Every structure is written in structure tokens, then in C-alpha cells.
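Student: I am new to this structure and would like a close look at a single part, the surface that meets the DNA. Please take me through that part and then show how it sits in the rest of the protein.

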Number of protein chains: 2
Amino acid sequence: MDEDQLDLLFHAMASQPRRAILELVRENAGCNLNFVAGHFEFSRIGVMKHLDVLEAANLVISQKNGRDRELYFNPVPLQEVHEHWTDHYSRHFAARLTNLKRVVEQQTKGRK
Amino acid sequence: MDEDQLDLLFHAMASQPRRAILELVRENAGCNLNFVAGHFEFSRIGVMKHLDVLEAANLVISQKNGRDRELYFNPVPLQEVHEHWTDHYSRHFAARLTNLKRVVEQQTKGRK
DNA sequence: TCTATATGTAACCTTTTAGTTACTTATGGA
DNA sequence: TCCATAAGTAACTAAAAGGTTACATATAGA
């Protein structure tokens with residue numbers, strides 16, 4: 001991921017409303033703009049602008065279906081940062097790595 | 001970590017100069033403001049403001065020593081987000097968890 | 001075809017961010 | 001004590017962010 005994309009990603013994440021919108025889209029894959037706007041106090045246009053920011057960061061992907069725009073959460077950018085940090089800060093994160101190892105093993109249990 | 005602190009953290013990270021400053025401080029623990037400013041094209045005051053943002057996000061900790069202000073990288077906030085993501089997005093990150101597991105095992109090898 | 005709905009665009013306003021220069025304060029050392 | 005150096009504060013500017021209202025477009029369905 002290049003530096004400009006990282007700017008977009010962190011900027012998108014640096015807002016409580018946007019994180020809440022992202023969470024809503026994550027839990028309601030395929031929902032549309034009005035659905036999201038219905039959950040917030042500010043205007044539909046405000047929500048749309050937040051969605052544009054999330055989409056520029058590639059955290060939300062949208063697809064036109066008739067007059068609806070279906071919204072989907074895209075985990076890839078967060079995962080890339082997560083993995084980069086795993087590598088880059090391993091020295092600093094070391095103190096808790098044993099715990100992380102346990103969590104990972106828990107989650108990969110029974111999977112191939 | 002509360003939501004306001006997350007805002008400060010992501011906002012601090014959403015800037016290439018700040019990420020570069022953070023990296024410099026990380027690799028030069030205890031360095032001072034002028035040392036950092038010497039590595040960038042913009043003014044010392046500009047650098048100081050970036051450091052203030054990093055410090056508000058708790059990514060940099062500073063300590064006065066004589067007329068110097070010694071700067072230290074603090075990995076804790078990034079680690080907290082990292083661990084939160086590990087839990088929260090485990091379902092979405094699953095596809096690459098096998099690979100992550102390998103990395104973690106590599107890094108914890110021989111450690112207790 | 002007509003209408004209600006879902007989205008999109010334009011223009012505007014206020015606040016915050018990112019940077020500057022000029023000036024002030026504090027301290028280490030000759 | 002005097003001076004050079006490191007940091008801090010104040011005031012200003014330009015640009016970006018975050019929100020609004022008003023208007024325009026597109027489509028599903030009676």
C-alpha cells in the first residue's frame with residue numbers, strides 16, 4: 001500500500017461518525033445509502049460525503065443496482081496495515097506477542 | 001482506548017510527515033526537536049506542531065532534560081489497535097490468518 | 001405515463017489543519 | 001556574566017474538512 005493510500009485510510013478512520021458508518025456497513029452487507037443515513041442525525045448528503053471518504057480509502061466498495069447503491073465493507077486495507085504492523089513493530093509488540101499467539105491459535109483452530 | 005483517543009491516534013497517523021517523524025523518533029530514542037527538524041524541509045515550528053499532534057495521540061512521549069526535550073516512541077496505542085483488530089475483524093481476516101500465525105510463531109520462537 | 005424514491009451535484013459556510021515569521025524564555029558553557 | 005543554542009508562544013494565512021440547503025437525475029412500480 002502506498003503512502004497516499006495510507007493517508008486516505010487513516011484519515012477515513014480518524015472520525016467517529018465514519019467508524020460508526022463503517023461498522024454499520026460491515027454488519028449490513030449490501031445496504032444502501034438511505035439505510036445508513038437513517039441511523040444518523042446529520043443529513044443524507046453528510047452521510048454520502050463520509051461514504052465517499054470511506055470509498056476513497058477502499059474501506060467501502062459500492063455497486064449500483066437499479067436506483068440503489070449497494071454498500072460493502074472491504075477488510076483488505078485494514079488487514080494490510082495490521083500485517084505491516086505485525087512485521088514492523090514486532091520488536092515493540094513483543095511483550096504481548098505470546099498473548100497474540102494464543103488468540104491466533106484459538107481462531108485458526110480446526111481450520112486448514 | 002476511548003473514541004476520542006482513537007480520533008487523535010488515526011488523525012496523527014494520517015499524515016506522511018508525521019509518520020516519517022514517528023519513524024525517526026522510533027529509530028532514535030531520546031533525540032530532541034532540533035534533531036528531528038534537521039531531517040525535514042519545513043520549519044522547526046512546523047515539526048514541533050507535528051510532534052504535539054503525535055504526543056496528543058500518545059504515540060510520542062517527551063521528557064525535559066535541561067534545555068532539551070527528549071523524544072520517545074510509544075508503541076502502546078498502535079498495539080492496542082492492532083489487538084482490537086485481531087479480535088474484531090477475525091472473521092474478515094480469516095483468509096490470511098494462517099500466514100499471520102506463521103509470522104507470530106516465527107517471532108515468538110525461542111522466547112518464553 | 002406519472003409519481004415517489006434513491007441517488008447525485010453545486011454552491012455555500014464555518015471550523016480545523018498545516019504551515020509560516022517574529023518574538024520570548026530557559027539553560028549550558030566559555 | 002555573556003552568548004549561543006534549544007525550546008516555546010503568538011499571531012497570521014491558505015487550504016482542507018465537515019457540514020448544510022437547493023436543485024437535478026434516474027428508476028421502480030401503479
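Tutor: A polar contact here is a pair of N or O atoms within 3.5 Å. The model is a predicted one.

Start with DNA strand C. A backbone N or O atom of Leu33(A) lies 3.0 Å from one of the phosphate oxygens of this strand. Two side chains of chain B approach the bases instead. An N or O atom in the side chain of Lys49(B) is 2.4 Å from a base oxygen of DNA strand C, and a polar side-chain atom of Arg67(B) is 3.3 Å from a base oxygen of DNA strand C. Elements that give two or more residues to this surface are, in chain A, helix 3 (33-37), helix 4 (44-56) and strand 2 (68-73), and, in chain B, helix 4 (44-56).

There are 21 residues around DNA strand C, and those that come nearest are Met48(A), Arg69(A), Ser43(B), Lys49(B) and His50(B). By class, the residues of this surface divide into 9 charged, 7 polar and 5 nonpolar. On the DNA side, sugar or phosphate supplies 59% of the strand C atoms within 4 Å of the protein, and bases supply the rest.

Now take DNA strand D. It is surrounded by 21 residues, of which Ser43(A), Lys49(A), His50(A), Arg44(B) and Met48(B) are the closest. A backbone N or O atom of Leu33(B) lies 3.0 Å from a phosphate oxygen of DNA strand D. A phosphate oxygen of this strand is also 2.8 Å from a polar side-chain atom of Arg69(B). Arg67(B) appears here too, with a polar side-chain atom 3.1 Å from a base oxygen of DNA strand D. At least two residues of the surface near DNA strand D come from each of these elements: helix 4 of chain A, and helix 3 (33-37), helix 4 and strand 2 (68-73) of chain B. This surface has 9 charged, 7 polar and 5 nonpolar residues. Of the strand D atoms within 4 Å of the protein, 59% belong to sugar or phosphate, and the rest to bases.

Strand 2 of chain A, one of the elements that contribute to the surface near DNA strand C, is half of a hairpin. Its partner is strand 1 (residues 60-65) of chain A, and the two run antiparallel, joined by 6 bridges. One of the bridge pairs is Val60(A) with Phe73(A). The turn of the hairpin has 2 residues between the strands, and Gly66(A) in that turn has a positive phi of about 60°.

In chain B, the loop between strand 2 and helix 5 (76-88) holds Asn74(B). Asn74(B) counts as buried because its relative accessibility is 10%, and the cut-off for buried is under 20%. A polar atom of the Asn74(B) side chain lies 2.9 Å from the backbone oxygen of Asn58(B). Leaving aside neighbours within four places in sequence, Asn74(B) is in contact with Asn58(B), Leu59(B) and Ile61(B).

Last, the wider setting. Chain A has 7 helices and 2 strands, in the order α-α-α-α-β-β-α-α-α along the sequence. Of its 112 residues, 46% count as buried. In chain B, helix 2 (residues 16-27) has 12 residues and reaches 17 Å from its first C-alpha to its last, close to the expected 16 Å. Buried residues of helix 2 of chain B include Ile21(B), Leu22(B), Leu24(B) and Val25(B).

Methods
Residues are numbered from 1 along each chain as its sequence is written. Chains are lettered from A and ligands numbered from 1 in the order in which they are written. This is a predicted model: local features need pLDDT of at least 70, side-chain atom pairs count only at pLDDT 80 or more; totals for chains, interfaces and linings use all residues. Side-chain values use heavy atoms; hydrogens and water are left out. A residue is near a molecule or strand if one of its heavy atoms lies within 4 Å of it. A polar contact is a pair of N or O atoms within 3.5 Å; within protein, one must be able to donate a hydrogen and the other to accept it, and residues adjacent in sequence count only if both atoms are side-chain atoms. Helices (H or I, at least four residues) and strands (E, at least two) are DSSP runs, numbered from the N terminus. Ala, Val, Leu, Ile, Met, Phe, Trp, Tyr, Cys and Pro count as nonpolar, Asp, Glu, Lys and Arg as charged, and the others, Gly among them, as polar. The expected span of a helix is 1.5 Å times one less than its number of residues. Buried means under 20% relative accessible area, exposed over 50%, partly exposed in between (1.4 Å probe, protein chains only). Contact means heavy atoms within 4.5 Å. Two strands pair if DSSP finds at least two bridges between them.
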